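The following exercises concern one structure and are each followed by a worked solution. Please read each task with the sequence and the model in view.

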Amino acid sequence: MRIDLHAHSNASDGTDSPAELVANAVAAGLDVVALTDHDTVAGYGEAAAAVAGTGLVLVPGAELSCQVDGISMHLLAYLFDPAEPAFAAERELVRTDRFRRGRAIVERCRELGAPISWEQVQRIAGDGSVGRPHIASALVEAGVVAGVSDAFTPEWLANGGRADVRKHETDPVVAVRLVRAANGVPVFAHPAADKRGRTVPDAVIAELAAAGLGGLEVDHVDHDDRARARLRGLAAELGLFTTGSSDYHGSRKTVRLGEHTTDPAAYEELLAQATGAAPITG
């Protein structure tokens, strides 16, 4: 089985519609794909309809923005009950603050000389929740940077960069408990992605494991071989399963669907822990 447990649609900051994501997952030869848009489940309906008859298994999920000790981190949540009120309210709070933050970042970019506008960013985002990748695309359109990745530097949008604005981010222990209360399974996304900024220490990961963390995303484009080996050892010590995934964003990033995958045994462990929702089989 080929299993990719981290992919985004244009319901957040990907470029594929949920239906296009499903079609591209089939074309990539995947057996299982997870839809993990940022802080939203808005793409579920379209993706579920598109998967019918394809033979693909769709795993509903989301990626949550968290922060601990000034360090931003992401938590993947799988197969939770999307209607569970406490977790739904937290996702809505994060989405609402993304809008405020997006406008503030655009204004900072303009103050720094970038000829972009909020209207332009909204056009790029479409129906998706505005995020920094949409602003990065606007900077590319304006000729300020050559590519989206070039916008995520201290000069512009990197954490702590000249145009960065802090947003509401959930405490990760709280987030883990919210996911578990919604009968889902939390997995720490790209925990060693130090190119993105500071990463949390192992002691924090141990605390998250004690709170109910299920796994670590290990095989990821932002992890080198040394980081992967260290994370596998840590996961074994803490009793966590390990996943692999593309973190696909369509044309906004160069990584391909299925570029990294999850071992079927780890996928079965994830399924065994989840009771809030079930995968959708096409």
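According to the UniProt record, an unreviewed entry, residues 3–68 carry the annotation "domain: Polymerase/histidinol phosphatase N-terminal"; UniProt positions are given in the numbering used here, feature names are shortened, and annotations may be inferred rather than shown by experiment. The model is predicted, so local features need pLDDT of at least 70 and side-chain atom pairs pLDDT 80 or more, whereas totals for chains, interfaces and linings use all residues. Residues are numbered from 1 along each chain as its sequence is written, and side-chain values use heavy atoms, with hydrogens and water left out.

**Exercise 1. The annotated span**

Determine the end-to-end separation and the helix and strand content of residues 3–68.

Solution. Step 1: the end C-alpha atoms of the span lie 30 Å apart. Step 2: the span is 27% helix and 32% strand, where helices (H or I, at least four residues) and strands (E, at least two) are DSSP runs, numbered from the N terminus.

**Exercise 2. Strand β5 and its partners**

Establish how far strand β5 (residues 185–189) is enclosed, and identify the strands joined to β5 by bridges.

Solution. Step 1: apply the burial criterion, in which buried means under 20% relative accessible area, exposed over 50%, and partly exposed in between (1.4 Å probe, protein chains only). Five of the five residues of β5 are buried, so the strand is largely enclosed by the rest of the structure.

Step 2: separate the faces. V185, V187 and A189 are buried on one side, and P186 and F188 are buried on the other, so that both faces are covered.

Step 3: list the pairings; two strands pair if DSSP finds at least two bridges between them. Strand β4 (residues 71–78) runs antiparallel to β5 and is joined to it by five bridges; A77 has P186 as its bridge partner. Strand β6 (residues 215–219) runs parallel to β5, with two bridges, and V187 is partnered by G215.

Step 4: follow the chain from β5 to β6. Together with helix α8 (residues 202–211), these strands make a right-handed β-α-β unit (with the strands pointing away from the viewer, the path from the first strand over the helix to the second runs clockwise).

**Exercise 3. The sides of helix α8**

Which residues of α8 are buried, and what do they pack against?

Solution. Step 1: V204, I205, L208, A209 and A211 are buried. They cover an arc of only 160° around the axis, which puts them on the same side of α8; the arc is that of the directions from the helix axis to the C-beta atoms.

Step 2: on the other side, A203 and A210 are exposed.

Step 3: the buried residues pack against β3 (57–68), β4, α7 (172–181), β5, β6 and α9 (225–238), contact meaning heavy atoms within 4.5 Å.

Step 4: G212 follows α8 and has a positive phi, near 125°.

**Exercise 4. M73 in strand β4**

Is M73 buried or exposed, and which residues does M73 touch?

Solution. Step 1: M73 is located in strand β4 and counts as buried at 5% relative accessibility.

Step 2: leaving out residues up to four places away in sequence, M73 touches L64, S65, C66, Q67, V68, P172, F188, V200 and L208. Among these contacts, F188 belongs to a face of β5 and L208 to the buried residues of α8.

**Exercise 5. Two buried polar residues**

Describe the side-chain polar contacts of H190 and D219.

Solution. Step 1: H190 is placed in the loop between β5 and α8 and, at 7% relative accessibility, counts as buried. Its side chain makes a polar contact with that of R196 (3.3 Å); a polar contact is a pair of N or O atoms within 3.5 Å, of which, within protein, one must be able to donate a hydrogen and the other to accept it, and residues adjacent in sequence count only if both atoms are side-chain atoms.

Step 2: beyond four places in sequence, H190 touches H6, E63, H74, R196, E217, H220, H223 and D247.

Step 3: D219 lies in strand β6 and counts as buried at 16% relative accessibility. The D219 side chain makes a polar contact with the R232 side chain (2.7 Å).
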